[in-house]
Amino acid sequence: MANPDLRRTDRLNGWLFVMPALVLLGLFMVFPILWSLWMSFQTGRGMTLKFGGFANISRLTQDPVFLHALSNTAVFLVVQVPLMIILALIFANVLNNPNLKFRGFFRTAIFLPCVTSLVAYSVLFKSMFANDGVINAFLEGVHLISEPIPWLASPFWAKVVIIMAITWRWTGYNMIFYLAALQNIDRSIYEAARIDGVPAWARFVYLTIPLLKPVILFTTIISTIGTLQLFDEVMNITASGGVGGTPSDSTLTLSLYIYNLSFRFMPNFGYAATVSYVIVVLVGILSFVQFWVARDRK
Amino acid sequence: MTANPLALLGRTLTYLALSLAAFISIFPFYWMIVGTTNTSADIIKGKSGFGSALFTNVANFFAQVDVARVFWNSAYIAVVGTVLTLAVSSLAGYGFEILRSKTRERIFAALLLMLSVPFAALMIPLFMMMAKLGLINTHAAIILPAIASIFIIFYFRQATKAFPAELRDAAKIDGLKEWQIFLYVYLPVMRPTYAAATIIIFMANWNNYLWPLIVLQTNEQKTITLVVSSLTSAYYPDYGVVMVAAVLATLPTIIIFFALQRRFVAGLLGAVK
């Protein structure tokens, strides 16, 4: 097949096949990315924008709402992502045991939350965590608490609800990746370790986790990007009267702030674009750090 | 293994922990179904047994929402979006594999880099573009930006690597043109890949929230996801109605999940293969 004529038609056909996608990506991806970068240097309201240089960037550092959104997002990231990854790893490890009874049932049950839409499960959580709702009723019923917990009214508990909600929705999703990866690991490694008297927890820490490192890295990056873009939950669980991020902005995230800046208040597209680039930069930095932490040390 | 009391304790604890996790995972589904039969006041008071308000809730839902219209909007966006995304993105995935040139790798690397650009950074320019094109409040504005999906292109390119080159060579010797090979050889052989990709794209379209929230402004255009959200965002939401809407929003994806369980999981895993 080293015929130069054939190679040329291959190349021509290849470009033809790729072209529709490239044109669309140029229009709806590359162009908006560049436009938004340009916009982040513009100030003004509505559609009348003028060049403001670094005005938006210096505004970021003095904007208490932005700093609040940034720190909320950081809390979600630092608490939720490790919690979920560890839970998913443990479940995958337990459910990988072929001698476990009802394995299929447990796997399906833990995975099931992934089939819900983010908005639908959010409204379920909102009603479950109502002040007199089913969660408080249960906790009072088993005498774990004597007063109802103000889940959605307290800044602290509202964050806890969001973290629990995301963990509920995504743990099974991550678990599936680990289960698939575990099936590719040669079981004889485990047998050898077991015969050598290595206890189960040590096999998990010193064998499973290092062997799964590439998948853990992948899921951590995906989860980080997802959490940095957190929107649906804080717009629907911790919201009242159509305003998300309640109470008193305690669950306001960067994405929600961008939405508020652009579409809830008098639109401020330039500044909103600057905030969106904060997410781009954070995704870049965190992905780099995660790659660096997971690199092969030789 | 058998007579060791410590191992027995460990196993009991494992089953207890798994049962608890399964219970927590399933409870919200039960809550949703029970909720459709209860009044809003009962739901907020945490009533977890079945009630008798199902017909009232369904009737109220149909009175407040043009259900057929909303369901049609969601289905239209999801189905048309899925078909177009499959066509354009699988064509590109295949094209990238047959395209043996250095530029290809550069373009592909750039695409992968763009995969990590969050939607928040795109939505403002996209909104302004749609405003200029007069597409605000149309379904086209929802479908168009999603057709060329980097993730799905990547998925198809990875899968195409397993497509036997001999098949393509044989088809060429038989005198088939490239588009014929794609249509009559590649497409049937790659059916499992298409099935998995269909699930990913359909779910993403059906559940899409932020972009439709921005673009779709009148009730006539709204999707079921937007309706669930707006029913809940009232100061005093009628949770009985909300539960009925949530069931309608979740049902299609649950049906797809149980019908195609294995493909479904394969679809989610597609990215790492």
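Leu122(B) counts as buried because 22 C-beta neighbours lie inside 10 Å of it, where a residue is called buried if 20 or more other C-beta atoms lie within 10 Å of its own, exposed if 12 or fewer, and partly exposed in between, with C-beta atoms placed from the backbone. Leu122(B) sits in helix α6 (residues 120-132) of chain B; helices (H or I, at least four residues) and strands (E, at least two) are DSSP runs, numbered from the N terminus. When neighbours within four places in sequence are left aside, Leu122(B) is in contact with Met29(A), Pro32(A), Ile33(A), Ser36(A) and Val117(B), contact meaning that the C-beta atoms of two residues, placed from the backbone, lie within 7 Å.

This is a predicted model, in which local features need pLDDT of at least 70 and side-chain atom pairs count only at pLDDT 80 or more, while totals for chains, interfaces and linings use all residues. Residues are numbered from 1 along each chain as its sequence is written, and chains are lettered from A and ligands numbered from 1 in the order in which they are written.

The two chains can be set side by side.

| Chain | Helices and strands | Box of C-alpha atoms along the principal axes | Buried residues |
|---|---|---|---|
| A | 13 helices, two strands | roughly 80 × 70 × 35 Å | 40% of 298 residues |
| B | 15 helices, zero strands | roughly 70 × 70 × 35 Å | 43% of 273 residues |

With its 13 helices and two strands, chain A has a radius of gyration of 24 Å, well over the 19 Å that the globule rule gives for 298 residues, so chain A is more spread out than a compact globule. The radius of gyration is taken over C-alpha atoms, and the globule rule is 2.2 Å times the number of residues to the power 0.38. For chain B, with 15 helices and zero strands, the radius of gyration is 24 Å and the rule gives 19 Å for 273 residues, so chain B too is more spread out than a compact globule.

Where the chains meet, 69 residues of chain B are in contact with 74 residues of chain A. Helix α1 (residues 5-35) of chain B supplies the largest share of the side of chain B that touches chain A, namely twelve residues. By class, that side has 49 nonpolar, 16 polar and four charged residues, where Ala, Val, Leu, Ile, Met, Phe, Trp, Tyr, Cys and Pro count as nonpolar, Asp, Glu, Lys and Arg as charged, and the others, Gly among them, as polar.

Two helices of chain A show how residues are covered. In helix α4 (residues 103-111) of chain A, the residues Phe106(A), Arg107(A), Ala109(A), Ile110(A) and Phe111(A) are buried, and what covers the buried residues of α4(A) includes α3 (64-95) and α7 (155-183) of chain A together with α1 of chain B. Helix α5 (residues 118-128) of chain A is mostly covered, with eleven of its eleven residues buried; among them are Ala120(A), Val123(A) and Leu124(A).

These three residues of α5(A) are touched by Ala246(B), which also touches Met32(B) and Val228(B), not counting residues up to four places away in sequence. The largest nonpolar core has 148 residues, and those with the most contacts inside it are Tyr178(A), Val228(B), Ala245(B) and Ala246(B); such a core is a set of buried Ala, Val, Leu, Ile, Met, Phe, Trp, Tyr and Cys residues joined through C-beta atoms within 7 Å. The most is given to this core by α7(A), with 13 residues.

Chain B averages a pLDDT of 88, and 96% of the residues score at least 70, pLDDT being the predictor's confidence in each residue, from 0 to 100.
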